[in-house]
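Here is a short walk through one protein chain, going from the overall fold down to a few individual residues. Have the sequence and the model open as you read.

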Amino acid sequence: MQANHPHAAYTAGTCLRSVEIFAGAAGLGIGMAKAGFHHEIVVENDSDACATIRLNQEAGHPIVQGWNIAEASIQDCDLSAIKGDVDLVSGGPPCQGFSIGGAHKGHQDDRNLWPWAISTVATLKPRAFVFENVPNLASSHADYLHYLEKALALPTIASLEDWLEDAKRLDQILATGQSFDPNYRVRTDIHVSSDYGTGQKRKRLFIVGIRSDVAGEYIPPEATHSEYELMERKWLT
């Protein structure tokens, strides 16, 4: 992921504070750490995923050293205890309900924790956020994705109860041009991992938000590898 620097006041060597939620085994979290973010807390409910991160800590993996791992559901974490400016909130809310496979319950799935992602942004008011999910969220569940974009744009006034009614209310508010603090410029993109040199062709959806008072704009990364190059390396070299 590439972006203009989140805040003009930052200089090289300054620590960027982040909170990682729905961390899994920390694939996204490691990427954010490599980009220069220090995770104040890493929240993950799955015990095996947490054990994987701890095993990497014990093995001396430098990137995960010192991480404060909270093995708990996001609903049980009091993130309001994190004081001071937070530069980034990132994570991958459970995607099973929105995946091509499964029961296709979407927002009605018990594992849908998008409301808690929005609530975390509302609580911490970070300078930016990055959430990833399955691309099917943009097709079979496009109406819900459009709601998420509005709710993440205005996280402190999103009701998170009846999303259909809340979508109408947020549309009306956005149409008036009213200003709320904070509000975010939200962008959704779909990227394919093999376009960036991985050995797996994996497509993911990213929702990125930049707080309105931050001058920097999010710049989606340009592909560095072609599918032809991937096939050439896979079969010919």
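Two residues are in contact here when they have heavy atoms within 4.5 Å of each other. With that in hand, take the contacts in the chain between residues at least 6 apart in sequence: 67% of them join residues at least 24 apart. Keep in mind throughout that this is a predicted model.

**The overall picture**

The chain is built from six helices and nine strands. It has 237 residues, and 45% of them count as buried. As for the outside, the accessible surface comes to about 12400 Å², with carbon and sulfur atoms making up 50% of that.

**Helix α1 and what sits over it**

Let's start with α1, which covers residues 27-34 and has G29, M32 and A33 buried. Those buried residues line one face of the helix, because they fall within an arc of 100° when you look down the axis of α1. As a reminder, an α-helix has 3.6 residues a turn, so residues three or four places apart point the same way. Over on the other side of α1, G27 and K34 are exposed.

What covers the buried residues of α1? Strands β2 (16-21), β3 (37-44), β5 and β6 are included in that cover. After the helix comes G36, with a positive phi near 110°.

**S90, inside strand β5**

One of those covering strands is worth a stop. S90 has its place in β5, and at 0% relative accessibility S90 counts as buried. Which residues is S90 in contact with, leaving aside its neighbours within four places in sequence? The list runs V19, E20, I21, L28, M32, V130 and F131. You've met M32 already, as one of the buried residues of α1.

**Salt bridges**

How many salt bridges does the structure hold? There are eleven. Three of them are set out below, with the closest N and O atoms giving the distance and relative accessible areas alongside.

| Pair | Closest N and O atoms | Arginine | Aspartate |
|---|---|---|---|
| R127 and D85 | 3.4 Å | R127: 10%, buried | D85: 51%, exposed |
| R187 and D189 | 2.7 Å | R187: 40%, partly exposed | D189: 13%, buried |
| R211 and D213 | 2.6 Å | R211: 15%, buried | D213: 49%, partly exposed |

Look at the R127 and D85 pair, where the closest N and O atoms are 3.4 Å apart. R127 is in the loop between α3 (114-124) and β6 (128-133), while D85 is in the loop between β4 (69-71) and β5 (88-91), so the bridge ties together parts that are 42 residues apart in sequence. Neither residue is on its own with the other, either: D85, D87 and R127 are linked in a network of salt bridges.

Buried or exposed is a matter of cut-offs, and D85 shows it: a residue is exposed when its relative accessible area is over 50%, so D85, with 51%, is classed as exposed. D213, at 49%, counts as partly exposed.

**V214 and the loop after β8**

Where does V214 lie? You'll find V214 in the loop between β8 (203-211) and β9 (218-219). Although V214 is in a loop, V214 counts as buried, with 3% relative accessibility. Now find A128: 86 residues separate A128 and V214 along the chain, and their C-alpha atoms are 8.7 Å apart.

**The cysteines**

Last, the sulfurs. A disulfide is a covalent bond between the sulfur atoms of two cysteines. A search of the whole structure turns up zero disulfides. C50 is in none, and the nearest cysteine sulfur to C50 belongs to C77, 9.9 Å away. Going the other way, C77 is likewise in no disulfide, with the sulfur of C50 as its nearest cysteine sulfur. To count as a disulfide, the two sulfur atoms would have to be within 2.5 Å. Are these cysteines buried or exposed? C50 is buried, with a relative accessible area of 0%, and C77 also counts as buried, at 18% relative accessibility.

Key:
Residues numbered from 1 in each chain as written. Predicted model: local features only at pLDDT ≥ 70, side-chain atom pairs only at ≥ 80, totals over all residues. Heavy atoms only, no water. Helix = DSSP H or I, 4+ residues; strand = E, 2+ residues; numbered from the N terminus. Buried < 20%, exposed > 50% of the residue type's maximum accessible area, 1.4 Å probe, protein only. Salt bridge = Lys/Arg side-chain N within 4 Å of Asp/Glu carboxyl O. Areas by Shrake-Rupley, 256 points an atom, 1.4 Å probe, with all protein chains shown as cover. Arc of directions from axis to C-beta.
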